[in-house]
Amino acid sequence: MQSHKVIRHTNYHGNYLYEAVKYVLHGEAMIGYKGSPNVDVYHAYNQMMAVKRYFGKTSGNPLFHFVISYHSRNVYDVEWAIRKTAWIADYFRERYQVIWRVHQKGEKKNGKRPSSLFHAHIVINSASYVDGKMFSGTKSEIYAFLEHIKSCTKDSSWIIEYADKDVWVENDIE
């Protein structure tokens with residue numbers, strides 16, 4: 001089974017955006033491939049902060065971080081993982097600044113292949129560069145993104161995992 005993990009931190013501190021961008025673009029990975037449809041990856045943090053400052057959205061949740069884990073029985077080629085990740089990340093390109101990186105895992109110590117050879121980190125600026133509207137991460141937004149992932153990968157077995165306690169916003173719809 002493949003998973004789509006949502007990492008959402010509502011307790012904003014000034015370095016969180018910087019640290020997340022730094023990790024995604026330069027973090028630990030055996031092999032890493034990075035990209036963006038609308039941000040210069042070498043200046044991503046500054047560009048994201050410029051949008052936040054322009055629209056006065058420098059407090060609250062600074063970003064959304066998604067981890068896409070591809071199952072090794074479905075994805076064993078790095079080129080496929082890169083193409084699919086770029087396509088998946090394009091979901092946000094019309095409104096939000098987005099960066100992504102594909103990580104490749106090595107073999108386990110026992111010589112067996114791990115359940116996921118590749119995973120991708122996708123980070124979006126929570127403030128829209130179009131109008132400053134915040135991406136809030138409601139159930140409907142997250143599930144719409146999940147449907148996009150299923151469509152891109154042509155696989156309906158994807159599930160959502162949450163990496164924090166504060167999963168849904170208060171005004172969420174069922």
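In the predicted model, residues 24 or more positions apart account for 79% of the chain's contacts with a separation of 6 or more. The chain comprises 174 residues, 48% of which count as buried. Its exposed surface amounts to about 9100 Å², and carbon and sulfur atoms supply 49% of that area. Four helices and six strands are present, arranged along the sequence in the pattern β-α-β-α-β-α-β-β-α-β.

The interior was examined next. In soluble globular proteins, nonpolar side chains tend to be buried together. In this model, the largest nonpolar core contains 28 residues, and Phe 66, Tyr 70, Ile 122 and Ile 124 are those with the most contacts inside it. Two or more residues of this core come from each of strand E3 (63-70), helix H3 (78-89), strand E4 (98-104), strand E5 (118-125) and helix H4 (139-153). A second core, separate from this one, consists of 14 residues, among them Ala 20, Val 39, Ala 44 and Ile 99.

The surroundings of Ile 122 illustrate the packing around one residue of the largest core. When neighbours within four places in sequence are left aside, Ile 122 is in contact with Phe 64, His 65, Phe 66 and Ile 68. Further contacts of Ile 122 on the same basis are made with Thr 85, Ile 88 and Ala 89, with Val 98, Ile 99 and Trp 100, and with Phe 145. Ile 99, one of these partners, is itself included in the second core.

Helix H1 spans residues 16-26, and its buried residues are Tyr 16, Leu 17, Ala 20, Val 21, Val 24 and Leu 25. Viewed down the axis of H1, these buried residues fall within an arc of 145°, and they therefore line one face of the helix. Ala 20, buried in H1, is also among the residues of the second core.

Polar interactions involving buried side chains were also identified. His 65 is located in strand E3 and, because its relative accessibility is 7%, counts as buried. The side chain of His 65 is joined to that of His 121 by a polar contact of 2.8 Å. His 65 also belongs to the set of residues in contact with Ile 122. Thr 138 occupies the loop between E5 and H4; with a relative accessibility of 10%, Thr 138 likewise counts as buried. A polar contact of 3.1 Å links the side chains of Thr 138 and Ser 140.

Three salt bridges are found in the structure. In one of them, the side chains of Arg 95 and Asp 131 meet at an N to O distance of 2.7 Å. This pair connects distant parts of the chain, since Arg 95 lies in the loop between H3 and E4, whereas Asp 131 lies in the loop between E5 and H4, 36 residues apart. Arg 95 is partly exposed, having a relative accessible area of 27%, and Asp 131 is also partly exposed, at 41%.

Another salt bridge brings together the side chains of Arg 93 and Asp 90, with an N to O distance of 3.5 Å. Arg 93 has a relative accessibility of 32% and so counts as partly exposed; Asp 90, at 27%, falls into the partly exposed class too. A salt bridge is also formed between Glu 147 and Lys 150, whose closest N and O atoms are 3.4 Å apart. Glu 147 and Lys 150 are separated by about one helical turn, because they are three residues apart in helix H4. Glu 147 is partly exposed, with 45% relative accessible area.

The loop between H4 and strand E6 (159-162) contains Lys 154, a residue that is not a glycine and yet has a positive phi of about 55°. The relative accessibility of Lys 154 is 70%, and this residue therefore counts as exposed. Asp 155 is found in the loop between H4 and E6 as well, but its relative accessibility of 17% places it among buried residues, the cut-off for this class being under 20%. Asp 155 and Asn 74 are 81 residues apart in sequence, while their C-alpha atoms are 9.2 Å apart in space.

Definitions and conventions. Residues numbered from 1 in each chain as written. Predicted model: local features only at pLDDT ≥ 70, side-chain atom pairs only at ≥ 80, totals over all residues. Heavy atoms only, no water. Core = buried A, V, L, I, M, F, W, Y, C linked by side-chain atoms within 4.5 Å. Buried < 20%, exposed > 50% of the residue type's maximum accessible area, 1.4 Å probe, protein only. Contact = heavy atoms within 4.5 Å. Arc of directions from axis to C-beta. Areas by Shrake-Rupley, 256 points an atom, 1.4 Å probe, with all protein chains shown as cover. Salt bridge = Lys/Arg side-chain N within 4 Å of Asp/Glu carboxyl O. Polar contact = N/O pair within 3.5 Å; in protein donor to acceptor, adjacent residues only side chain to side chain.
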